Structures are given as structure tokens and as C-alpha cells.
Amino acid sequence: MSLLDVRDLTIRTSDGRALVSDLTFSVDRGERLGLIGESGSGKSLTTLATLGLLPDGMTTTGSVELDGTQIVGASEKSLVEVRGRAAAIVFQEPLTALDPLMRVGRQLAEPLRRRRGLKGDALRKAVAEALEQVRLPEPGRIARAFPHEISGGQRQRVALAMALACEPDLLIADEPTTALDVTVQSEMLVLLDTLVGERGMAVLFVSHDLAVVSRVTDRVLVMKDGRAVEDGTVRDLVRAPRQPYTEALVDSARRLESALDLEGPR
Amino acid sequence: MKRSATLWTGCVLAGLIALVALVSLFWLPYDASDTSGTRLAGPGGSHLLGTDKLGRDLLTQLMTGSRIALAAGLGSVAIAALVGITLGLVAAFAQGWFDDTVSAFLDILIAFPTLLLAMLIVSARSATLTSAIIAIGLAQSAIVARLTRILVKRVLAQDYITASRTSGTSWPRIVGAHVLPNIWPTLAVNLALQFGLAVLAEASLSYLGLGAPPPNASWGRMLQEAQATFTTAPAGALAPGILLVLLVIGVNLVADGLRDTLDPARRRRTTA
């Protein structure tokens, strides 16, 4: 059985407009799937729906099974059980993903405390370790800092550390590098790749950038206007895109690649 | 450090009044109902600030009045905070018709002038300080509740709340750890402002004869009693008026100072 099994997922607004239609895909344990498409294609809504976190007023039909639990129509109580343990999310915007008034260490301690039952010195040590794992320098200083006192890239690492601290079976990364500048972006992707690989976690990686997705995942699902238009391995998609939309995506990725090549080796 | 100067000035002004109130608990120049003095005596002599039309010592009345003013401010704000924040939280989490009903109810309550609402409550009960405090507190609860509802809704829409939920944090925990601390700076400033308004509201109610009954000297009632003799004995009206202004300015300065020190956006700008 798949870890995440999405079947005929349809998400509607309160006035009946379908934002995601008949979406079907699955992610096995340890597998990595890229979800790619332009803004407004329903990628982020899909990730929120997998954890039952859609905004009020939106209705979901179809089936989302996460680690054997049906998410669609589940009670908040049973959702709290599943979230974090089965799947955790890293969001796009590192500035808003952390509570501005809480020190980084305390925020990171929250999932560690709940998931591993740590407290006191053991908890403090676990926080420092978690910060080291995401290659943050001076974990002691960062743990005492407020989010606005560290850089965007560092904040995103903290967000990643928080998601990993939940020890989820599935890590959902919703455009985790889009808000970062290119060099930081590259480091972040390597880090994500390594950490997830070490833990054998499954990944659902959401992005609008084929080049970014291809660095982390091997299988890709292309979405447009709330529908899946094409899926397959990154290689197949690049070599022989069947849909004009995928072709456009591949073309733009190529153009960017060659532009970078012209600037010489990095 | 201009921002802490504001806070300090406010604290000193409000603290001065608080000190007077504290002293009045242990020592007063005369008994509050002592009418032995010469009527409408001017400042100086055995009565430092003079006497009122019944021959009572003005300073004594001012001192006991400070107790009433502070009690009115603290009591009303405590009620407004307790009822308002609770109601606001419930309204923020409520959905559909319940949310609409609560919001409509609060809007109607706010459209009522605080003083009118307070007068209704005071006349339904009796004219005592407690009635006045309850009345002002409840009227202010509506304002605090509406503010809380908006603030909570705004915080709930933030990514860090969703992030916290994705890791399986329960609602009560999220409210305690993330929602309340994040709405607190704005709320604290508003409560400080409400304190000043409550002091004024109590003075107004007493002026209208709806506050603390005699012999308790509320500043508002002192103003009313001194009104007729203002031209011949101005001290009786000036003294409570000045103290009222000082207290309200002090509290407002505290609110201003709090905004500068607590507001995360401003703090970010000054430290980053």
C-alpha cells in the first residue's frame, strides 16, 4: 500500500468553482515525487489537502489516504494524530513560517518534545543537534535568536529542521527554495536531498521550476489549471514531452540552463 | 532612547497618582466626612488646598478620589480583558452563522455610546462604584472583543500557525503558544488606552450622579459640586480636573510607550 494515495481529489471553493479536479497520484514509502505547475495550478492546495489543512469554506471530494488514514472528512482530533507523524510540510516563505515572537530554539523544541518526549537538558541538546543537522553555524546563538535576527536562508533551514524533527514518513516541500536567492537555493536543495536520503523519507516536492524539481525527485507530475496533465520520470519528460504545456516548461528550463552556461562554470 | 522616555514619563505620572492612592489608605489629612472647616476656604492655612462648600478638606477628597479613579480604571479593564478576550477568541474560531451573530451583536454594542450603555446598567442596578465599574467594563468588553477577533483571525492566517498544525499541535496549545503572545502587544496597548477611557467614563458617570455615592469623593462628583462656585473658589474644580488630566495623559503615554517597545514590527526596525 502506498504511503500517500490520492484518488479523484476535487477541491471546490464555497461558490462551487473547482480549483483542483479529479487528481489521482500516489507516493510510496521512500519515493520522491515532484509536483510541478505554474502558480494557481492547485499544487499548494493539493499539499494542504493531504493533511486536511484547507482553508474554511473549501470542500473536498474524492479520497486522500495518508498512511492508511482517510483524510477527507476526518475529524480534527484524528487529523492531529496523523499530522507530523505521517507527513510534515516545509513552506515557501521562510519569513512567515516561523512565529516572530518566539525564539527559534523554543519553536524547534515543540515537535521534538511532542514526538520524542524529551525535556530539560536532553531537549536542549536535541535542539542543538537538529540545528547542526541542517548545517546551521553556532546552533547555540541561533537557538536563542528571534526569527528576524537570522537570515532568510537560515530561517528556511530552521523550518526544515522543524519538519524533520517530526520524523515524518513523508516530507512535503512546498516551493521551499523559491524565496531564496540562487546560491542559497542550491545549498538548500543539496541539504534536503542528503537529509531525506539519510532518513529514507518519502518526498512530495512542489515547485514551478523543472530544473529545481529534477535535482530532488525522479518522478514528476505536471499540473495545469487544477488537473494532472502529464506524469513520468524527469528524463522522459525532458526527452519527449507529450503535452504542449510540459514542452513549454522544459523549454524555459533549457533556456535558463543555457543562459547559465554562457556565464561560464560556477 | 526616546521611546522609553515616553513610557517612563507615563509611568511616573500614573505612578504618582497610584502613590497618592496608596498613602490615602493609611493616612489622610482629615476624615473624609469631616465638615468642621470654614466653607469654601482658599488654599493655605490648615487646609492645604482649601475646602468645599460643606467645609470638607479638598486634599482629603482628592486623595480618596484617586482610589476611586484607579479602581474604576483597573476594574473596568480587568472585566474588559477577561470578557472581551474570551469572547473575541470564541468569535474568531466560530464559523458560519455563529460568527455572524457574534460580530453583529458586538457591532451593535459598540454603536451604543459607552456612557449610555453604562447609564442603562447603572440605573438597572444601583448607583455604586461597583455598578459603574461593571457597566464600563462590559461596554469596553465589546471593543476589546472585536479587536481580539480581528487580531486572532489575522494570526490564524499566518504560515507559522499552519506549520504548527502540520506538525500535529493541538488548538489549545497553538492558542497558548502562538496566538496569545502574537496578539498581546496590540491588545496591551489597547487595554492601556481603555484604562484612560474608563477613568474618564467613571468621572462622567459620577458627574451625572451615577457613580460612587457620597461621602466617597469621586473626582467627577467633585467637579460637579464645584461647578456652581467655580468663579469664587476655583481650586475645588481645578484640582480634580488637573489630576484627572494628569492620570489620563500618564496612562496614554504608557500606552504609547508600550506600543513602541512591544510592537514586533517596530522592534524589528530598531534592532535589525
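Is E175(A) buried or exposed? That is a good place to start reading this predicted model, and the points below work outward from there.

1. E175(A) is buried, as its relative accessible area is 6%. This glutamate sits in the loop that runs between β7 and α7 (182-199) of chain A. Its phi angle deserves a look too: the value is near 45°, positive in a residue that is not glycine.

2. A second non-glycine residue with positive phi is D67(A), at about 50°. Here the setting is the loop between β4 and β5 of chain A. Those two strands form a hairpin with 2 residues between them, and D67(A) takes its positive phi there. With 22% relative accessibility, D67(A) counts as partly exposed, because the buried class requires a value under 20%.

3. The hairpin belongs to an open sheet of 4 strands in chain A, ordered β2-β1-β4-β5 and paired antiparallel. The edge positions go to β2 (18-27) and β5, each of which has a single partner strand, so one side of each has no neighbour in the sheet.

4. Within this sheet, 7 bridges pair β1(A) with strand β4 (residues 59-66) of chain A in the antiparallel sense. If you would like to check the register, L4(A) is opposite L66(A) in β4(A), and T10(A) has T61(A) as its bridge partner in β4(A). On the other side of β4(A), 2 bridges lead to strand β5 (residues 69-70) of chain A, again antiparallel. L66(A) also appears in that pairing, standing opposite T69(A) in β5(A).

5. A helix goes with these strands. Helix α1 (residues 43-50) of chain A lies across β1, β2 and β4 of chain A, and its direction makes an angle of about 120° with β1(A).

6. What does the side chain of S2(A) contact? The segment before β1 (4-12) of chain A holds S2(A), and the side chain of this serine makes a polar contact of 3.0 Å with the side chain of D28(A). Apart from neighbours within four places in sequence, S2(A) is in contact with S26(A), V27(A) and D28(A). S2(A) counts as buried because its relative accessible area is 17%.

7. Chain A also has an open sheet of 6 strands, with mixed pairing and the order β6-β7-β8-β3-β9-β10. At its edges are β6 (87-90) and β10 (227-233), each with a single partner strand, so one side of each is left without a neighbour in the sheet. From one strand to the next, the twist averages 20°.

8. For a parallel pair in this sheet, look at strand β3 (residues 32-36) and strand β9 (residues 219-224) of chain A, which are joined over 4 bridges. G34(A) is the residue that stands opposite V220(A) in β9(A). Elsewhere, helix α6 (residues 152-165) of chain A lies across β6 and β7 (170-174), running at about 175° to β6(A).

9. L123(A) is part of helix α4 (residues 120-133) of chain A. The leucine is buried, at 13% relative accessible area. Setting aside residues up to four places away in sequence, L123(A) touches A109(A), L112(A), R113(A) and L118(A). To place it in the chain, F91(A) is 32 residues from L123(A) in sequence and 25 Å away in space, C-alpha to C-alpha.

10. How many disulfides are there over all chains? The count comes to 0, taking sulfur atoms within 2.5 Å as the criterion. Among the cysteines, C166(A) is buried, with 2% relative accessible area, whereas C11(B) is partly exposed, at 36%.

11. Chain B comes with annotation from an unreviewed UniProt entry, which places the feature "transmembrane region" at residues 7-30, 68-92, 104-123, 129-148, 187-210 and 230-258. Two of these spans can be compared with the model. Residues 187-210 of chain B are 88% helix and 0% strand, and their end C-alpha atoms lie 29 Å apart. For residues 230-258 of chain B, the figures are 83% helix and 0% strand, with 38 Å between the end C-alpha atoms.

Terms used. Residues numbered from 1 in each chain as written. Chains lettered and ligands numbered in written order. Predicted model: local features only at pLDDT ≥ 70, side-chain atom pairs only at ≥ 80, totals over all residues. Heavy atoms only, no water. UniProt positions renumbered as here; feature names shortened; annotations may be inferred. Buried < 20%, exposed > 50% of the residue type's maximum accessible area, 1.4 Å probe, protein only. Contact = heavy atoms within 4.5 Å. Pairing = 2+ DSSP bridges. Axes fitted to C-alpha atoms, helices over the stretch in contact; angles between N-to-C directions. Polar contact = N/O pair within 3.5 Å; in protein donor to acceptor, adjacent residues only side chain to side chain.
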